[in-house]
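Visitor: Could you take me closely through a single part of this model, with the terms explained as you go?

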Amino acid sequence: MDSALIQDILGKLLTLLNLPFDSLTVHEDPGEGFTRVDIVSSNASRLIGWHGETLNSVQHLLKSVLRSKEKLEKSPFLVLDVDGYRREQEDKVKKMAENKADFVRRTGNRVALAPMSPYFRRIVHLHIANDPQFQDLSTESIGEGDYRQVVLRMKNKKGPAVGEELQPVMEEPAPKGAGFENLDV
């Protein structure tokens, strides 16, 4: 996708919405499979919004405009990040998955992560699948809508039979201050 077009449209959107920004940088990384737009802003909290809602809305608007302008069949896979906010969220989700992976290995039981957005579920799936230290684990998404979540399990363990209900797995709570209390997933 054309970086100049993305910068032009996003710059106009942010200006029209009266959301202050200092600079926009577009990174296309074929290894990640998406285009990341880094926004530098002196008023980042206003652009991010409550739990990232403003940022998500601007991202959705940008995708819609690009899809319409470029006459694409589906929306492009873009991720907006303001002053490293989204990367920090991604790192927290990966860390949470790693902690749960340790629990799965210790107990042999499967464990479900908290419900999260499709983007963060994708981050977990790719992190577990692509990191050699987790090759003994597998992931799957279960549930519907806003309650969809990732389940981690050992690869050699079979899941429940078709129609059998998943029972919740109790685990030790994350220690206070682990950084998961304020996670926008």
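Guide: What follows is a look at one helix pair, with a short word on the sheet afterwards. This is a predicted model, in which local features need pLDDT of at least 70 and side-chain atom pairs count only at pLDDT 80 or more, while totals for chains, interfaces and linings use all residues. Residues are numbered from 1 along each chain as its sequence is written, and side-chain values use heavy atoms, with hydrogens and water left out.

Helix α1 (residues 3-16) and helix α3 (residues 53-70) have axes that come within 10 Å and cross at roughly 130°; helices here are DSSP runs of H or I with at least four residues, and strands are runs of E with at least two, numbered from the N terminus. The axes are lines fitted to C-alpha atoms, for helices over the stretch in contact, and angles run from 0 to 180 degrees between N-to-C directions. α1 and α3 are therefore oblique to each other, since angles under 35 degrees count as roughly parallel, over 145 as roughly antiparallel, 65 to 115 as roughly perpendicular and the rest as oblique. On the α1 side the contact (heavy atoms within 4.5 Å) includes Leu5, Ile6 and Ile9, and on the α3 side Val58, Leu61, Lys69 and Glu70 are among the residues involved.

Elsewhere, an open sheet of 3 strands has the order β4-β6-β5 with antiparallel pairing, where two strands pair if DSSP finds at least two bridges between them. Helix α4 (residues 85-107) lies across β4, β5 and β6, at about 40° to β6.
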